[in-house]
Amino acid sequence: MLLNELQLPYQSMLTAVDRRMAEALAGSDDHLHQLLEASPISGGKKVRSTLFFMMLGETASDKPEAIDLAAAMEMLHQASLVHDDVLDHAQTRRDKPALHQLVDNTLAVLVGDYLFIKALSLVHGLERTRLMGIKLAVTEELIYGQIDDMQPRHHDRPTHDRYLEILEKKTGALFGAAAEMAAILQGADEVQIAVSRQFGRSFGVLFQLQDDVLDLFSTKTGKDRWGDLREGKWTLPSLLLSEARPDIRLFPFDEKRIPEIEAGLRQHDIAARCWSVLSRYRARTEDRLVDLHEHVRQAELRDLIEYVCRRER
Ligand code: GRG
């Protein structure tokens, strides 16, 4: 199923999220406004908001806080993309030049900071200490995840567990927070809140696994292909290739070795091996579905999981 189709029941809410983000940023001065326009503010898939609304299920439209929380999640996500692109020296994002390609790194980082603070302000405005605490904790985890992600550059190959641990922090945490906040809004008990957070984290890891696969195998992501290898990052396909062919030198990355890497990927059918890891992780994520709160839209979430595993961008 296409993401657009999955998002149909939530279209009006997703539009309200866009509107809320625009309102939250409307007070910025002219220069900042121009910078925000140039940044990848629009064009995101809004998968985090979609998961959040599916987790809220029937109760989604009755919750006045839902739009602010979803907008705050998207803005934190955007802030992290702007920062991430600076750290990774990325060229493109959402099919546009990355912000720091248009302005210098300092300004781009400041725009990311601004988006981040505006995201926090939206949650702060709700005057719900627990939700604010989750927002702060998830930001902290994103930062730890990013720091961890930068450690292994050019170093020894990490174990699969260590690699998954990084994915859980840098991507799983935000999806986990979305699911956790949905459970809190539903008035779920503590066990259900924890189960929801775990489901969201697992979903986020699956999302990042596919993202890592696409970095090597897709030209449709709207981002630079080979970006992870160029930045010295180990990802699922490079881990599997290196295990099968330790003789292929991946780091420091050298464009001249691309044909050799591509031949190795083909020869050892790394795409199929990635698919089998993803399928195992997918089964783990789906297993968690059955324990979720009765209001959660399980069938829609199953379709969203399917989309995540099949997506090409
Ligand atoms: C914001 C203070 C602050 C710190 C951020 C840089 C950083 C710390 C964290 C980086 C986290 C990161 C960028 C993880 C990758 C997550 C990921 C898979 C992004 C792509 O998500 P999509 O495909 O993007 O949902 P779209 O463009 O559709 O929104």
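Let us start at a loop: Pro 252 sits between helix H12 and helix H13 (258–267), where helices (H or I, at least four residues) and strands (E, at least two) are DSSP runs counted from the N terminus. The peptide bond that joins Phe 251 to Pro 252 is cis, with omega at about -10°. Before going further, note that this is a predicted model, in which local features need pLDDT of at least 70, side-chain atom pairs count only at pLDDT 80 or more, and totals for chains, interfaces and linings use all residues. Residues are numbered from 1 along each chain as its sequence is written, and side-chain values use heavy atoms, with hydrogens and water left out.

From that loop, step back into helix H12, which spans residues 236–244 and includes Ala 244. Leu 236 also belongs to helix H12. How exposed or buried are these two? Leu 236 has a relative accessible area of 1%, so it is buried; the term means under 20% relative accessible area, while exposed means over 50% and partly exposed lies in between (1.4 Å probe, protein chains only). Ala 244, at 25% relative accessibility, is therefore partly exposed. Their separations from other residues are worth a look too. Leu 236 and Val 277 are 41 residues apart in sequence, with 8.7 Å between their C-alpha atoms. Ala 244 and Glu 5 are 239 residues apart in sequence, and their C-alpha atoms are 39 Å apart.

Now to the ligand. The shell around it holds 20 residues, and the closest are Lys 45, Arg 48, His 77, Arg 94 and Gln 208; a residue is near a molecule if one of its heavy atoms lies within 4 Å of it. Three of these side chains deserve a closer view as polar contacts, that is, pairs of N or O atoms within 3.5 Å; within protein, one atom must be able to donate a hydrogen and the other to accept it, and residues adjacent in sequence count only if both atoms are side-chain atoms. Arg 48 places a polar side-chain atom 2.7 Å from an oxygen atom of the ligand. For His 77, the distance from a polar side-chain atom to a ligand oxygen is 2.7 Å. Arg 94 likewise has a polar side-chain atom 2.7 Å from an oxygen atom of the ligand. On its own, the ligand has 750 Å² of accessible area, and the protein covers 93% of that; such areas come from the Shrake-Rupley method with a 1.4 Å probe, and for residues only the protein chains shown count as cover.

Which helices build this shell? Helix H5 (66–87), helix H8 (129–150), helix H9 (160–185) and helix H10 (190–217) each supply at least two of its residues. H5 gives the most, with six residues. By class, the shell has six nonpolar, seven polar and seven charged residues; here Ala, Val, Leu, Ile, Met, Phe, Trp, Tyr, Cys and Pro count as nonpolar, Asp, Glu, Lys and Arg as charged, and the others, Gly among them, as polar.

The loops on either side of H5 are a natural next stop. Glu 65 lies in the loop between helix H4 (47–56) and H5, and counts as buried because its relative accessible area is 16%. The C-alpha atoms of Glu 65 and Leu 110 are 27 Å apart, with the two positions 45 residues apart along the chain. His 89 is in the loop between H5 and strand S1 (92–93). Although His 89 is not a glycine, its phi is positive, at about 55°. His 89 is exposed because its relative accessibility is 51%.

Trp 226 also has a positive phi, about 70°, without being a glycine. Its place is the loop between H10 and helix H11 (227–230), and at 6% relative accessible area Trp 226 is buried.Finally, consider the enclosed space. The structure holds two cavities of 30 Å³ or more; on a 1 Å grid over the protein atoms alone, a cavity is a set of points where a 1.4 Å probe fits but cannot get out, and lining residues have an atom within 4 Å of a point. The second largest has about 30 Å³ of space. Its lining includes Asp 149, Tyr 163, Lys 170 and Trp 234. H9 gives the most to this lining, with four residues.

Key. On a 1 Å grid over the protein atoms alone, a cavity is a set of points where a 1.4 Å probe fits but cannot get out, and a pocket is an open set with protein on both sides within 12 Å along at least five of seven lines; lining residues have an atom within 4 Å of a point. Grid points are joined across faces, edges and corners, and a volume is the space filled by probe spheres set on the points.
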